[in-house]
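Reader: I should like to look closely at the empty spaces inside this protein. Could you describe them for me, and then follow the chain outward from their walls to whatever else deserves attention?

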Amino acid sequence: MNNLSRRKFLMGSAALAAFANLKACAIHKAADKTGLKDLYKDDFLVGTAISNDTLANDNQRLKTLIAREFNSITAENCMKSALVQPSQGQWEWELADRFVAFGVENDMDIVGHALVWHSQVPSDFFFHDDASPIDREELMRRMETHIRTVVDRYRDQVKIWDVVNEAIDEDKGWRKSDWYNFTGSADYVEKAFQLAHDAAPDAHLIYNDYNMHNPGKRDFLVEVLRDYKKRGIPIHGVGMQSHVGLDYPDLKEFEKSIEAYAAEGMRIHCTELEVDVLPVAWEHTGAEISDSFEYSDELNPYPDGLPADMQQRLTDRYVEMFELFLKHRDKIDRITLWGTHDGESWKNNFPVGGRTNYPLLFDRNMEPKPAYFAVADLKR
Ligand code: GLA
């Protein structure tokens, strides 16, 4: 190659590289515009949960997808008490720090999940070193240390906290969890809200639970909210986890709950949405993570892919849910999916281990599913 043609070639490749760059930027920008977060920007935040696996392995492909589609993130596991404080006074911040840094980098509303919950609590939380049970005062003290330490660390970055998770039983009032049994009442719940508020006075504080469409749970929580309001307990939102299936719950009940909580002055957050497409095992439709049923092939009918008719049902279910969310957009702050792609969903293992489920908007190759396009099309 002579000098002239080498120069032309070099210029050509520089121009090509510049063009490729421009094109990449254009694609990036176009994608930015068409992410769910942009389509729904006038309605509510659209979020997802980030797994420990994504954080620990720095999964760039998934992180890029999340940044394009979502403007809010929730810590799926990395902020739960057993993970940040695996035993008394021993703190592990690495994954939680990475989670928060990712949200800050991408200008997202970051949700801290969850400060007080009966599951995934450090094994020594309710016991002294000699294995004797702690008393009420000690439990309150440990709760205070936990909430202050975690909320304080992320005070400037985390705008929304799931302060208490799943403290109410189906139809039976307060859940008789270790928290309740060790303190002898449910005042740990209001104390948790007060502590979170003291540590981060500007944060939006949520009570989060599953089966929030259940009339018994709804009526009980409404009573609690009225009492809290009277007594000035700082609570700002209700998290309806929204672990739904193709035909449960009845959306009329779901809607009544949106209206009932909003009528008490609460902002509504759908915090853990996904649509389970697999057969319901033993009429189990809750999200108590210790529940588990034996595997059978009958309960795992689609190990090699979702048939077209089921794909359509999944799409239709997402559409009816998002139509309902849009109808109540004045009351709803955020819709968060519990994960981004099917391969990472806890629903592959709950409540029956080893199944192949298809509950999210992206498939196992991180490609958008028909349900994704249908949800997007509601806003195009
Ligand atoms: C509950 C919790 C979540 C998560 C799911 C399962 O809904 O709130 O943190 O553990 O169960 O992923």
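Author: In this predicted model, there are 5 cavities of 30 Å³ or more. The reasoning behind such a search is simple: rolling a probe the size of a water molecule over the atoms shows where empty space is left.

The largest cavity has a volume of about 80 Å³. Its walls are formed by Asn211, Met212, His213, Met240, Gln241, Ser242, His243, Val244, Tyr248, Pro249, Phe254 and Thr285. Sorted by class, this lining contains 6 nonpolar and 6 polar residues, with no charged ones.

The second largest cavity comes to about 50 Å³. Among the residues around it are Asp276, Leu278, Pro279, Val280, Ala281, His284, Gly286, Lys347, Pro351 and Arg355. Tyr248 and Thr285 belong to the lining of the largest cavity, and Tyr248 and Thr285 also line the second largest cavity. Here the classes are 6 nonpolar, 3 polar and 3 charged.

The cavities may be set beside the open spaces. The largest pocket has a volume of about 160 Å³. It is lined by 15 residues, of which Lys80, Trp117, Glu272, Ile289 and Trp338 are the closest to its centre. By class, that lining holds 5 nonpolar, 6 polar and 4 charged residues.

One residue of the second cavity's wall leads on to the backbone. Most residues other than glycine have a negative phi, and most peptide bonds are trans. Pro351, which helps to line the second largest cavity, departs from that pattern: the peptide bond from Phe350 to Pro351 is cis, with omega near -5°. Pro351 sits in the loop between β9 (332-337) and α13 (370-377).

Met366 is found in the loop between β9 and α13 as well. Although Met366 is not a glycine, its phi is positive, at about 65°. Is Met366 buried or exposed? Its relative accessibility is 14%, and the limit for a buried residue is under 20%, so Met366 counts as buried.

A second cis peptide bond joins His113 and Ala114, with omega of about 0°. Ala114 is part of strand β3 (residues 109-116). The loop between α6 and β3 contains Asp107, a residue other than glycine that has a positive phi of about 55°. Asp107 has a relative accessible area of 69%; since exposed means over 50%, Asp107 is exposed.

Asp107 comes just after helix α6. This helix covers residues 94-105, which makes 12 residues, and spans 16 Å from its first C-alpha to its last, close to the 16 Å expected at 1.5 Å a residue. Which residues of α6 are buried? They are Ala96, Phe99, Val100, Phe102 and Gly103. Because these residues cover an arc of only 155° around the axis, they lie on the same side of α6. The general geometry helps to explain such a pattern: an α-helix has 3.6 residues a turn, so residues three or four places apart point the same way. Glu94 and Glu105 are exposed on the other side of α6.

Two further positions show how parts of the chain that are separated in sequence are placed in space. Gly265 belongs to the loop between α11 (251-263) and β8 (267-276). With a relative accessible area of 52%, Gly265 is exposed, because the limit is over 50%. Its C-alpha atom is separated by 8.9 Å from that of Leu225, a residue 40 places away along the chain. Leu326, in helix α12 (residues 308-327), is instead buried, since its relative accessible area of 18% is under 20%. The C-alpha atoms of Leu326 and Leu45 are 12 Å apart, and 281 residues separate the pair along the chain.

The cysteines complete the account. Cys78 is buried, because its relative accessibility is 3%. Cys270, at 0% relative accessible area, is likewise buried. How many disulfides are there? A disulfide requires a pair of cysteine sulfur atoms within 2.5 Å, and by this rule the count is 0.

Terms used
Residues numbered from 1 in each chain as written. Predicted model: local features only at pLDDT ≥ 70, side-chain atom pairs only at ≥ 80, totals over all residues. Heavy atoms only, no water. Buried < 20%, exposed > 50% of the residue type's maximum accessible area, 1.4 Å probe, protein only. Helix = DSSP H or I, 4+ residues; strand = E, 2+ residues; numbered from the N terminus. Expected span 1.5 Å × (residues − 1). Arc of directions from axis to C-beta. 1 Å grid on protein atoms, 1.4 Å probe; cavity = no way out; pocket = protein on both sides within 12 Å on 5 of 7 lines; lining within 4 Å. Points joined across faces, edges and corners; volume = space filled by probe spheres on them. Nonpolar A, V, L, I, M, F, W, Y, C, P; charged D, E, K, R; others polar.
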